[in-house]
Amino acid sequence: MSDVATRRPLPALMTLSDLAARRLKALYAGSHQGQLLRISVGTRGCSGLSYEMNFVTAPEPTDERVEDQGVTLLVDRKATLFLTGTVMDYEVKDLESGFTFRNPNEKGRCGCGESFHV
């Protein structure tokens, strides 16, 4: 019997859907050339937490670098606890379009969808 425990692989911090990867590639090639999308979690809304996205020219020293489908994005290290295993998607609807998150850590969302809790 071995003293070393068998470890299962950890889930990816974040992954991108095909649509999200295509949209980010287009943004990086166009108006946000030379920048990276940085994702963090802030406090806001009725449920307490919200996703925050900003384009930055340089990562913070503690940012986690996520690379998927040939696209790089940054995640604030403080947000990693809330985002592990999250899939970032891009949705186009009749009157709006934008990035969305399928987060397995969410326990609920507020009615308007602006915030979530874990």
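Here are four short exercises, each with a worked solution, on the predicted model shown above.

**Exercise 1: The core**

Find out which residues of the largest nonpolar core touch the most other members, and which element gives this core its largest share.

*Solution.*
- Step 1. Start with the membership: the largest nonpolar core holds 26 residues, and those touching the most other members are Met 14, Leu 24, Leu 73, Leu 83 and Met 88.
- Step 2. Now look at where the members come from. Helix H1 (18-29) supplies at least two residues, and so does each of the strands S1 (14-16), S2 (36-44), S3 (48-56), S5 (71-75), S6 (86-92) and S7 (97-102).
- Step 3. Pick out the largest share: H1 contributes five residues.

**Exercise 2: One residue and its contacts**

Leaving out residues up to four places away in sequence, list what Leu 73 touches.

*Solution.*
- Step 1. Go through the partners that come earlier in the chain, beginning with Met 14, Leu 16, Leu 24, Tyr 28, Leu 37 and Ile 39.
- Step 2. Carry on with Glu 64, Arg 65 and Val 66, and finish with Met 88.
- Step 3. Compare with Exercise 1: Met 14, Leu 24 and Met 88 are on this contact list, and they also appear, together with Leu 73, among the core residues that touch the most other members.

**Exercise 3: A sheet and a helix**

Work out the strand order of the open three-stranded sheet, then describe how H1 lies across these strands.

*Solution.*
- Step 1. Read the order, which is S1-S6-S7, with mixed pairing.
- Step 2. Identify the edges: S1 and S7 each pair on one side only.
- Step 3. Check the twist, which averages 30° from one strand to the next.
- Step 4. Zoom in on S1 and S6. They pair in the parallel sense over three bridges, and Leu 16 has Met 88 in S6 as its bridge partner.
- Step 5. Add the helix: H1 lies across S1, S6 and S7 and runs at about 75° to S6.

**Exercise 4: Aromatic pairs**

The whole structure contains three aromatic pairs. Take two of them, Tyr 51 with Phe 101 and Tyr 90 with Phe 99, and decide whether each is stacked or edge-to-face.

*Solution.*
- Step 1. For Tyr 51 and Phe 101, the centres are 4.2 Å apart and the planes differ by 20°. Planes under 30 degrees apart count as stacked, so this pair is stacked.
- Step 2. Place this pair in the chain: Tyr 51 sits in strand S3 and Phe 101 in strand S7, 50 residues apart. Both residues are buried.
- Step 3. For Tyr 90 and Phe 99, the values are 5.1 Å centre to centre and 65° between the planes. An angle over 60 degrees counts as edge-to-face, so that is the answer here. Tyr 90 and Phe 99 are buried too.

How values were computed. Residues numbered from 1 in each chain as written. Predicted model: local features only at pLDDT ≥ 70, side-chain atom pairs only at ≥ 80, totals over all residues. Heavy atoms only, no water. Core = buried A, V, L, I, M, F, W, Y, C linked by side-chain atoms within 4.5 Å. Buried < 20%, exposed > 50% of the residue type's maximum accessible area, 1.4 Å probe, protein only. Helix = DSSP H or I, 4+ residues; strand = E, 2+ residues; numbered from the N terminus. Contact = heavy atoms within 4.5 Å. Pairing = 2+ DSSP bridges. Axes fitted to C-alpha atoms, helices over the stretch in contact; angles between N-to-C directions. Phe/Tyr/Trp six-rings, centres within 6.5 Å; stacked < 30°, edge-to-face > 60°.
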